[in-house]
Amino acid sequence: MPLMRLDKFISGQMPSVSRNDAKELLKKGLVTVDGVVEKHYDFKLDPEKSVVAVSGNVITYREYLYIMLNKPSGVVCAVRDRITPTVMELLPPELRRPGLFPAGRLDKDSVGFALLTDDGELAHKMLSPVSHVPKKYFVRLEKPVSEDVPELFGSGMTIDGNEKCLPAELEILNPNIECFVTLHEGKYHQIKRMFQAVDNTVVYLKRTTIGGVILDDKLSEGEARLLEENEIKFLISY
Ligand code: URA
């Protein structure tokens, strides 16, 4: 790991602390590196080896952030938007960091698991049509799903005349206006358009799982948390 300047390390790992704030903390003798007070902002450290503490609290070094957000309806999956609130605005200060963006999109009226990260490589994998990371959705429909629809979805249906979809799994629930759909790609409004093609309408859509990582049911809509190590490993393994 390349060495990093101490003020950059502190402000990079503590989103609410600017580079100048970091210098102030250092001047006041509030920062220790491996247990020793360090006052020089240009002190160089190996972020993966040194233990840095501010006011006695150890800062866990994270090269990238991976955030699970339970997206509510009415916000868009974008970094910024002139009109509509974005998922980024829902993040608490301690989870904010420049460079974060949503890895994949949920429609404005869809809810559930949105993944935010600043790891471009992982995001690319999530979005790439070749990696086929499965994403599972709970769907409520206007009308009961007919029995022939699972086979149709499973065979890779064509939507809007010429758009060929990859095979998708459909599990009809009881009552049969509810189901789970698992996609291995992410076309624009895909689930809504798949059901439109079989003369039905989606009235509620919630993403519950991305690549085997399940939306934490302790997160209320609008709440976010960091992914745990094992969850990150799951995603990276794709
Ligand atoms: N399919 C849709 O139609 N909308 C979503 O938000 C996700 C999948």
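Which residue, with a positive phi, follows H5? Keep that question in mind while the tour begins with the whole model, which is predicted, and then moves to helix H5, where the answer will be found.

**The whole chain**

Display the protein chain as a cartoon, and you should be able to pick out six helices and 17 strands. Taken along the principal axes, the C-alpha atoms fill a box of roughly 70 × 35 × 30 Å, and of the 238 residues in the chain, 46% count as buried.

**Helix H5 and the residue after it**

Select residues 190–197, which make up helix H5; six of these eight residues are buried, so the helix is largely enclosed by the rest of the structure. The buried residues of H5 are Gln190, Ile191, Lys192, Arg193, Met194 and Phe195. Now step past the end of the helix to Asp199, which is the residue asked about at the start: Asp199 follows H5 and has a positive phi, near 60°.

**The ligand**

Keep H5 on display and select the ligand, which sits in the largest pocket. Which residues surround the ligand? To show them, select Leu106, Asp107, Ser110, Tyr137, His189, Gln190, Ile191, Lys192 and Leu205. Coloured by character, the residues of this shell divide into four nonpolar, three polar and two charged, and the largest share of the shell, three residues, comes from H5.

Switch to sticks to look at the backbone of the helix beside the ligand. A backbone N or O atom of Gln190 lies 3.3 Å from an oxygen atom of the ligand, and a backbone N or O atom of Lys192 lies 3.1 Å from a ligand oxygen atom. At Ile191, a backbone N or O atom lies 3.1 Å from the ligand too, but here the partner is a nitrogen atom. On its own the ligand has 240 Å² of accessible area, and the protein covers 96% of it.

**Strand S15**

Select residues 202–210, which form strand S15, and centre the view on Thr208 within this strand. Is Thr208 buried or exposed? Its relative accessibility is 16%, and Thr208 therefore counts as buried, the cut-off for buried being under 20%. Show the side chains here, and you will find that the side chain of Thr208 makes a polar contact with the side chain of Thr209, at 3.4 Å.

**Two aspartates in loops that count as buried**

Move next to Asp118, in the loop between strand S9 (111–117) and helix H3 (120–127). With a relative accessibility of 14%, Asp118 counts as buried. If you add Leu100 to the selection, you will see that Asp118 and Leu100 are 18 residues apart in sequence, while their C-alpha atoms are 4.3 Å apart in space.

Then go to Asp46, in the loop between strand S4 (44–45) and strand S5 (52–54). Asp46 also counts as buried, at 14% relative accessibility. A distance drawn from the C-alpha atom of Asp46 to that of Phe9, 37 residues away along the chain, should read 9.6 Å.

**Two aspartates with positive phi**

Asp34 lies in the loop between strand S2 (31–33) and strand S3 (36–37). Although Asp34 is not a glycine, it has a positive phi of about 50°, and with a relative accessible area of 49% it is partly exposed.

Asp160 belongs to the loop between strand S11 (158–159) and S12. This residue, again not a glycine, has a positive phi of about 50°, and with a relative accessible area of 52% Asp160 is exposed.

**Two prolines to finish**

Select Pro167, in the loop between strand S12 (163–164) and strand S13 (169–172). Pro167 is partly exposed, with a relative accessible area of 42%. To take in a long span of the model, draw a line from Pro167 to Val52: the two are 115 residues apart in sequence and 49 Å apart in space, C-alpha to C-alpha.

The last stop is Pro175, in the loop between S13 and strand S14 (178–183). Which residue is joined to Pro175 by a cis peptide bond? Show the backbone as sticks and look at Asn174, which is joined to Pro175 by that cis bond, with omega about 5°.

How values were computed
Residues numbered from 1 in each chain as written. Predicted model: local features only at pLDDT ≥ 70, side-chain atom pairs only at ≥ 80, totals over all residues. Heavy atoms only, no water. Buried < 20%, exposed > 50% of the residue type's maximum accessible area, 1.4 Å probe, protein only. Helix = DSSP H or I, 4+ residues; strand = E, 2+ residues; numbered from the N terminus. Near = heavy atom within 4 Å. Polar contact = N/O pair within 3.5 Å; in protein donor to acceptor, adjacent residues only side chain to side chain. Areas by Shrake-Rupley, 256 points an atom, 1.4 Å probe, with all protein chains shown as cover. 1 Å grid on protein atoms, 1.4 Å probe; cavity = no way out; pocket = protein on both sides within 12 Å on 5 of 7 lines; lining within 4 Å. Sits in = over half its atoms within 2 Å of the grid points. Nonpolar A, V, L, I, M, F, W, Y, C, P; charged D, E, K, R; others polar.
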